[in-house]
Amino acid sequence: MSADERDRLASEYVLGLLDPEEMRLCEERLERDAGLVVQVDLWRARLAELDATAAPVTPDPAQWARIEAALRPVAAVPPKPRPAAARPSRMAHWWDSLGLWRGYGLAASAALVLLALGTAHLARQAAQAPVLVAVLLSDENQPAAVVNAFRDGRTELLALSALKAPAGKSLQVWTLWDRARGPVSVGLLEAMDNVQLSVEGLPRPAVEQLYEVTLEPAGGSPTGRPTGPILMKGNASPTGAGI
């Protein structure tokens, strides 16, 4: 999926313009496409101010009375006596069936188990969600990679492009959170790939922390600082998972 297609899909998803089948396919893709997750978060951030402009609506004071009236039980009507010879209806037989109610009980229990499993799954997903995301943009202002920082200290790089270093060169990943200290190398690649960045011993990532990829001599910068051209860069932003 190209960057333009990913951006269009994310915008239509956030705006609620997808039909049910498209929505289902998009949500399935969100589970495996980190670039799409980033675009969805960006679109939600863009539209947050628009959401805030919606005027509050006060419900009709009589609405609760109408709801209560609709829920009020109807007075019971005494049943007409049945002829002595009349046989019980099939519906009455089902209603009095122990097997029927046992089946309903088992179905309800299964539904509760599935609900509990689903809740646990959502909790695990929330724990695995990044708290900071940096979209690294190329010179053409196109998303080329994503950096995800997690609550447990892990930081990963997800490639959105197939960039490779030419012969005799390497791609080096840097981060900068303190200009007095300067950029610090957190990864060395021959080609863009999905990798865990080396952040052991570094401070926890912070909002606006810079990440960038430069082109360096094979084996990395000889000075410990970026020496080659910057191929992509971006600043970390918070996600809905919190910091």
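Here are three short exercises on the predicted model shown above.

**Exercise 1. Get your bearings**

Work out how many helices and strands the protein chain has, and in what order the elements run.

Solution. Start with the count: the protein chain has six helices and eight strands. Next, walk along from the N terminus, and the elements read α-α-α-α-α-α-β-β-β-β-β-β-β-β. To round off the overview, look at the whole chain: buried residues account for 27% of its 243 residues. The exposed surface comes to about 16500 Å², with 60% supplied by carbon and sulfur atoms.

**Exercise 2. Trace the sheet**

Find the order of the eight strands in the open sheet, and then name the edge strands.

Solution. First, lay the strands out: the order is S5-S4-S7-S8-S1-S2-S3-S6, with antiparallel pairing. The edge strands are S5 (184-189) and S6 (195-196), each of which pairs on one side only. Now zoom in on one pair: strand S1 (residues 132-137) and strand S2 (residues 143-149) run antiparallel and are joined by six bridges. Leu137, for instance, has Pro143 in S2 as its bridge partner.

**Exercise 3. Place one residue**

Decide whether Thr155 is buried or exposed, and list what it touches beyond four places away in sequence.

Solution. Begin with its location: Thr155 lies in strand S3 (residues 155-159). Then check the accessibility: Thr155 has a relative accessibility of 1%, so it counts as buried, the cut-off being under 20%. Finally, gather its contacts, leaving out residues up to four places away in sequence: Thr155 touches Val147, Asn148, Ala149, Val195, Gln196, Leu197, Val199, Pro205 and Tyr211.

Conventions: Residues are numbered from 1 along each chain as its sequence is written. This is a predicted model: local features need pLDDT of at least 70, side-chain atom pairs count only at pLDDT 80 or more; totals for chains, interfaces and linings use all residues. Side-chain values use heavy atoms; hydrogens and water are left out. Helices (H or I, at least four residues) and strands (E, at least two) are DSSP runs, numbered from the N terminus. Buried means under 20% relative accessible area, exposed over 50%, partly exposed in between (1.4 Å probe, protein chains only). Accessible areas come from the Shrake-Rupley method with a 1.4 Å probe; for residues, only the protein chains shown count as cover. Two strands pair if DSSP finds at least two bridges between them. Contact means heavy atoms within 4.5 Å.
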